[in-house]
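Biologist: Hi! Could you walk me through the ring contacts here?
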Amino acid sequence: MQSLPLSGPWAWLFPFMRWLPSVGGRDLRGDFVAGLTGAVVVLPQGVAFATIAGMPPQYGLYAGMIPAVIAAMFGSSRHLVSGPTTAASVVLFSALSVYAEPGSVDYVALALTLTFMVGIIELILGLARMGALVNFISHSVVVGFTAGAAILIAAKQLKYFFGVELPRGGHLHDILMEFSQRLGEINPYVTVVAFATLFCGIAVKRWMPKMPYMIIAMVAGSLLSVALNAVFGESVTGIATVGALPASLPPLSAPSLTLENIRDLAPSALAVTLFALTEAVSIGRALASRSGDYRIDGNQEFIGQGLSNIAGAFFSGYVATGSFNRSGLNFQAGAKTPLAAVFAGLLLMIIVLLVAPLAAYLPKAAMAGILFLVAWGLIDFKEMRHVLKASKRDSSVLVVTFLGAVFLELEFAIFAGVILSLVLYLERVSRPRIVSRAPDPRLDKHAFSSDPSLPQCPQLKLLRIDGSLFFGSANHVQDTFDRIRNESPEQKHLAIIAQGIHFVDLQGGEALVEEAHKRRAMGGDLYLINVKEGLWDAMDRCGCLDEAGMKNVFQSKTAAIRGIYHKLDHSICEKCEVRIFHECKQQLGGAKKG
């Protein structure tokens, strides 16, 4: 399938016109099969994720219907499937459970409001061309947050797994302490159903990986529950069920946009937006890379996700974003175009009408067993070990995000991880690499080297700066200049090899100007070598070239040494025994002839 050219305002208004006219019969067949597979898989996932989010079970299915269709039509990925996800669900629960009872009418209204706010923020960011924003959420933040969220998911399911009454909400330590005090209240029938579901899911996933392990495990747990109730009676077993789901299409709904709700939910909406967009764009990019024949547009993906959540708020869905499991399955099932995700959403509507009443036999203990499996699968132990071994900086981000997710609020964990990532990045770029350079006679044409044992010119200091000169690094660069001047006051001239300087702002440019003035006061000067076009333009705009001296800017080392040599004190050159430059040797030869 080839994309059709589309530009101008139509590019984001009707992005599906890029690919829809070129869809052929083979594409339709592949997309239909992939969509049907995805619709079947989202059944247990939707119910499970709604349970995590504290929403009525049917809302997890509604979130996989209209939002999935809108995201596919208005996004840029051919394989991304949107809908309810674990991360979005657990953040939603963490954000809303302090304001209303999970599952209540007020709670659902807040969820719809939060979904609408997330959609608006996503749409604004997309229209403002802020697609690169997700690059500021590092991989370590995602890994740490996901692992922390997984532990919370398992902890919050303890009451359903063991049939113990626990208060809603609370942090991990509160839940564990309360559970430890109620070990004597464990319901053995509920626990048997939960463990049976868990072990069945593990066995199917390990030995029959192509089979839908969630559905098989849920059916097994439901059958065991029916059998126990038949033998011992429901009054004895006390096995609670999810209850029959309404066999209907998503009912119309509306967010409650009061000033109080907007104020309370704004921080959570921003946190959910950042993480949801990171999930969607990261998954889309990964699948596009595996496909190898297209690239996604981050800005268009923001727009698609925004419209998806805005629509979800009016069709009884809650926050939807890209799902790694369903997107990966969609890719493996042979999806060719975004129609596969459209088919998945539409077919899910038909399937729900047929099977929704069967949820009356689905025990909450079985759902808890499934969610234990989901939580375990979310912890990427291999990647965590890799991060912890590879980098102390990334390790600190991972640990802070993980601990924040486990012991604090989830939205705070996201912000803490992002802020720490930015702080560590700024700390690193604020100290650009600055090394001394000198001609190396061992190299071809006496190329410059950073070997500290090489002799240096007694009048000229050569430095190479690798990094940006901006407000964050200006102080470090100035401290280095001061140290060099104090250590080698006889080296009155300073030449900076600038090919490693990619960016300079006003403060960075003023640091160079200040050094030029100090060098001239000493009787020397400052020179720039190998200045890139971008650096030249930036310094020209801030007026730094005029003050530093445009005649002191050279585009090659040869021209620089030749020009600088004429400004040196030749009486010192005649007594110099180092003579590291060709010009020095030529001067020596001329002196001998004289």
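Modeller: Happy to! One definition to begin with: buried means under 20% relative accessible area, exposed means over 50%, and partly exposed is in between (1.4 Å probe, protein chains only).

Biologist: Which of these words fits Phe-195?

Modeller: Phe-195 counts as partly exposed, because its relative accessibility is 32%. Keep in mind that this is a predicted model: local features need pLDDT of at least 70, side-chain atom pairs count only at pLDDT 80 or more, and totals for chains, interfaces and linings use all residues. Residues are numbered from 1 along each chain as its sequence is written, and side-chain values use heavy atoms, leaving out hydrogens and water.

Biologist: How many aromatic pairs are there in the whole structure?

Modeller: A search finds twelve. Rings of Phe, Tyr and Trp (its six-membered ring) pair if their centres lie within 6.5 Å; planes under 30 degrees apart are stacked, over 60 edge-to-face, and the rest tilted.

Biologist: Why is the pair of Phe-116 and Phe-314 called edge-to-face?

Modeller: Their planes stand at 90°, so the pair gets that label, with ring centres 5.8 Å apart. Phe-116 sits in helix 6 (residues 105-127) and Phe-314 in helix 14 (residues 298-314), 198 residues apart. Helices are DSSP runs (H or I, at least four residues), numbered from the N terminus.

Biologist: Is Phe-116 buried or exposed?

Modeller: Buried, at 16% relative accessible area, while Phe-314 is partly exposed at 33%.

Biologist: Back to Phe-195: what does it form with Phe-161?

Modeller: An edge-to-face pair, 4.9 Å centre to centre with 85° between the planes. Phe-161 counts as buried at 1%.

Biologist: Which residues share a cluster with those two?

Modeller: Phe-162, Phe-179, Phe-199 and Phe-372 join Phe-161 and Phe-195 in one aromatic cluster.

Technical notes. Helix = DSSP H or I, 4+ residues; strand = E, 2+ residues; numbered from the N terminus.
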